[in-house]
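Visitor: I have a structure open and want to learn how to read it. Where do we start?

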Amino acid sequence: MYVNAVLKYYTGTIAADGKPTTPSGGGSGSKSGVKVIEAGETLIGKTRYVFGGGRSQSDINAGRFDCSSFVRWAFEQVGVNVGPLSGVTTDTLKTQGQAINPKDMKPGDVVFFDTYKIDGHVGIYVGDNKFLGCQGKTGVAIASMEKGTYFGDKFNGRVKRF
């Protein structure tokens, strides 16, 4: 619990290999933040959610993703490596990038939700209190983070910029 509490406020940047790095600006409102959203949006309506899916090329080819493998795939499309195909999870994603105050979220930032566990779900912030993610009932889709909605009530305030 302590580590999770500290990581919510950690402002350093850690790469997949555990070494400090400089953020790529993926969520800074820059071109790469918009491009990761554009890449992810190409899968809307073409996927289905499978817990643990998206960790092999055959899963990806068949459009089977879970939330973290979708985030990995979208960032890979714009040249940002957030970890190996078979090993990216919400737990590995939350240790990467730069922590961002939720008030400062920009399109392309990665947002976390406490669903079946702390940081059990992850998606890509698109702006306007919405995020792009791979969810159980919809596959890849844009969902609301407004208070009173399922994900709005599950958003835990963890935001990372890769």
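Guide: Start with burial. A residue is called buried when its relative accessible area is under 20%. This is a predicted model. Buried residues make up 47% of the 162 residues in its chain.

Visitor: How much area does the chain expose, and what share do carbon and sulfur atoms supply?

Guide: About 7800 Å² is exposed, and carbon and sulfur atoms supply 54% of that area.

Visitor: How many helices and strands should I look for?

Guide: Look for 6 helices and 9 strands. Then ask how far apart in sequence the contacting residues are. Take the contacts with a separation of 6 or more: 57% of them join residues 24 or more positions apart.

Visitor: Now the interior. What is the general idea behind a nonpolar core?

Guide: In soluble globular proteins, nonpolar side chains tend to be buried together. Here the largest nonpolar core has 23 residues. Phe 70, Val 71, Phe 75, Leu 93 and Ile 124 touch the most other members.

Visitor: Which elements each supply at least two residues of this core?

Guide: Helix 2, helix 4 (67–77), strand 5 (110–113), strand 6 and strand 7 do. Helix 4 gives the largest share, 6 residues. There is also a second, separate core of 11 residues, which includes Phe 113, Ala 143, Phe 151 and Val 159.

Visitor: Pick one core residue. What does Ile 124 touch beyond four places in sequence?

Guide: Contact here means heavy atoms within 4.5 Å. By that rule, the partners of Ile 124 include Val 36, Ile 37, Phe 70, Val 71, Ala 74 and Phe 75. Gly 108, Asp 109, Val 111, Phe 131 and Leu 132 are also among them.

Visitor: Next, cysteines. How many disulfides does the structure hold?

Guide: It holds 0 disulfides. The test is distance: two cysteine sulfur atoms must lie within 2.5 Å.

Visitor: Why is there no bond from Cys 67 to its closest cysteine sulfur?

Guide: The closest cysteine sulfur belongs to Cys 134, and it is 7.8 Å away, so the gap is too far for a bond. Seen from Cys 134, the closest cysteine sulfur is that of Cys 67.

Visitor: Is Cys 67 buried or exposed? And Cys 134, buried or exposed?

Guide: Cys 67 is buried, with a relative accessible area of 4%. Cys 134 is buried too, at 0%.

Visitor: How do I read a link between residues far apart in sequence?

Guide: Compare sequence separation with the distance in space. Glu 41 and Ile 142 are 101 residues apart in sequence, yet their C-alpha atoms are 8.4 Å apart. Glu 41 sits in helix 2 (residues 31–41). Leaving aside neighbours within four places in sequence, Glu 41 is in contact with Leu 132 and Ile 142. Its relative accessibility is 33%, so Glu 41 counts as partly exposed.

Visitor: Last feature: backbone angles. Where should I look?

Guide: Look for positive phi in residues other than glycine. Asp 128 has such a value, near 60°. Asn 129 is not a glycine either, and its phi is positive at about 60°.

Visitor: Where is Asp 128 placed, and where is Asn 129?

Guide: Asp 128 lies in the loop between strand 6 (121–127) and strand 7 (130–135). Asn 129 lies in the loop between strand 6 and strand 7 as well. Now check accessibility. Asp 128 counts as exposed, at 66%. Asn 129 is partly exposed, at 30%.

Notes:
Residues numbered from 1 in each chain as written. Predicted model: local features only at pLDDT ≥ 70, side-chain atom pairs only at ≥ 80, totals over all residues. Heavy atoms only, no water. Buried < 20%, exposed > 50% of the residue type's maximum accessible area, 1.4 Å probe, protein only. Helix = DSSP H or I, 4+ residues; strand = E, 2+ residues; numbered from the N terminus. Areas by Shrake-Rupley, 256 points an atom, 1.4 Å probe, with all protein chains shown as cover. Core = buried A, V, L, I, M, F, W, Y, C linked by side-chain atoms within 4.5 Å.
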